[in-house]
Amino acid sequence: MSVPRQVLPRQSYLVTRRCTQRQFLLRPDPATNNAFIYCLAVAAQRYQVDVLLAVAESNHHHTVIFDRYGRCPAFIEYFHKLFARSQNALRGRWENLWAAEEPCVTRLVDCESVVDKLTYAAANPVKDLLVERVHQWPGVHGLANLISGRPLRARRPLHFFRSSGPMPESAVLTLAIPAELGESDQIIAEVTQRVRLVEDAMREYRNRTGKRVLGRRRVLEQSWKDAPTSIEPRRALRPRFAGRLAARITALLDYRRFLAAYRRAREIWLRGEPTKFPVGTYWLTTHASAAVDTP
């Protein structure tokens, strides 16, 4: 049995998931970009999750969200399943789109970690030597929309959804910084500045090493059946929390207390005796009607 995840309302997360075998199944093209935005917007609206930024590279995506009501697991499951079916229909595939391992979901425990992960996600195509500047990435990249406040819009992908079906004809995704995280303009300005620093640092790195970016044109010319030739690190850490040391330690200690209380309550529950699970218990309260403590 996997270790239970503590799901609390009003939390920020970085969600990362890669494609099976590292294939370029998300290689940018109009249909893929539209379907990604559409499925993400529908899932965010369905589960009332705020999306701060989404960046889809050819074989993985990074999405930063604010989970206002503690529905992060349902949102992630719905989005990934919906988009996987749509993308498989587009590619003429039947096997799994995503890698078998579960998505990497990192809780961002302070505003500094939110800024860090927004910068990390936005600058990823530059750090991966795909393009020189983030605005050159031809796939889904929401930084310009986050800065301008202009929403991302998508039409219902007709390669998968019925024109007469229940899914909405169009979807709108507005990227914004929730008020709970601080002053929106300050956070966006900080992220913008840090992204420029990454772009400048990578330009210096390329000049020093002689390496070159792949470029927008060659990215678009790649076959979605291909995969990187580089060796991917295996068995790396999958952090549960990100933030400054003090905030991270506090979150880890709180999670240990949650696990201890959860295990005690589960033992009692399995004996058929009445008990209450700690705040943050998700699966048992959602699918098995288990009682939970009052926050």
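The questions and answers below work through the sheet, the helices and a few single residues of this predicted model.

Q: In what order do the five strands of the open sheet stand?
A: The five strands build an open sheet in which the pairing is mixed. One part of that mixture is the antiparallel pairing of strand 1 (residues 11–18) with strand 4 over five bridges, and another is the parallel pairing of strand 4 with strand 7 (residues 241–242) over two bridges. Read across the sheet, the order is 2-3-1-4-7.

Q: Which strands stand at the edges of the sheet, each with a single partner strand?
A: The order of the strands in the open sheet is 2-3-1-4-7. A strand at the edge has a single partner, so one side of it is left without a neighbour in the sheet. The strands in that position are strand 2 (50–56) and strand 7.

Q: Which helix packs on the sheet with a direction that makes about 30 degrees with that of strand 2?
A: Helix 1 packs on the sheet by touching strand 2 and strand 3 (60–67), and its direction makes about 160 degrees with that of strand 2. Another helix on the sheet touches strand 1, strand 2, strand 3, strand 4 and strand 7, and the one whose direction makes about 30 degrees with that of strand 2 is helix 3.

Q: How many of the residues of strand 4 (residues 104–108) are buried?
A: Cys104, Thr106 and Leu108 point one way from strand 4, while Val105 and Arg107 point the other way, and all are buried. Strand 4 is accordingly described as mostly covered, and the count of its buried residues is five of five.

Q: In strand 7, which residue is the bridge partner of Leu108?
A: Strand 4 has paired strands that include strand 1, where Thr16 has Cys104 as its bridge partner in strand 4. Strand 4 also pairs with strand 7 in the parallel sense, and there Arg107 stands opposite Phe241. For Leu108, the bridge partner in strand 7 is Ala242.

Q: Are helix 1 (residues 30–47) and helix 2 (residues 72–91) roughly parallel or roughly antiparallel?
A: Two packed helices are described by the angle between their axes and the distance between the axes. For helix 1 and helix 2 the angle is about 155 degrees and the axes are 9 Å apart. Angles over 145 degrees count as roughly antiparallel, and helix 1 is therefore, relative to helix 2, roughly antiparallel.

Q: In which hand does helix 1 pass helix 2?
A: The residues of helix 1 that meet helix 2 include Ala35, Phe36, Cys39 and Leu40, and those that they meet in helix 2 include Phe75, Tyr78, Phe79 and Leu82. In passing helix 2, helix 1 makes a crossing that is right-handed.

Q: How do helix 3 (residues 111–127) and helix 5 (residues 184–209) lie to each other, given axes that cross at roughly 40 degrees?
A: The axes of helix 3 and helix 5 come within 9 Å, and the crossing is right-handed. Residues of helix 3 including Val115, Leu118 and Ala122 meet residues of helix 5 including Val191, Val195 and Val198. With a crossing of roughly 40 degrees, the two helices are therefore oblique.

Q: How far apart are the end C-alpha atoms of helix 7 (residues 245–270)?
A: Among the buried residues of helix 7 are Tyr255, Phe258 and Leu259, and their cover includes strand 7 and helix 8 (283–287). Because each residue adds 1.5 Å, the 26 residues of this helix should span 38 Å, and in agreement with this its end C-alpha atoms are apart by 37 Å.

Q: Is Arg206 buried or exposed?
A: Arg206 lies in helix 5, and, leaving aside neighbours within four places in sequence, is in contact with Leu129, Glu132, Lys211, Arg212 and Val213. Arg206 and Glu132 are 74 residues apart in sequence, yet their C-alpha atoms are 9.8 Å apart in space. Because the relative accessible area of Arg206 is 9%, this residue counts as buried.

Q: Is Ser289 buried or exposed?
A: Ser289 lies in the segment after helix 8, and its phi is near 55 degrees, a positive value in a residue other than glycine. Because its relative accessible area is 67%, Ser289 is exposed.

Note on methods: Residues numbered from 1 in each chain as written. Predicted model: local features only at pLDDT ≥ 70, side-chain atom pairs only at ≥ 80, totals over all residues. Heavy atoms only, no water. Buried < 20%, exposed > 50% of the residue type's maximum accessible area, 1.4 Å probe, protein only. Helix = DSSP H or I, 4+ residues; strand = E, 2+ residues; numbered from the N terminus. Pairing = 2+ DSSP bridges. Expected span 1.5 Å × (residues − 1). Contact = heavy atoms within 4.5 Å. Axes fitted to C-alpha atoms, helices over the stretch in contact; angles between N-to-C directions. Parallel < 35°, antiparallel > 145°, perpendicular 65-115°, else oblique. Left-handed = near helix turned anticlockwise from the far one by under 90°.
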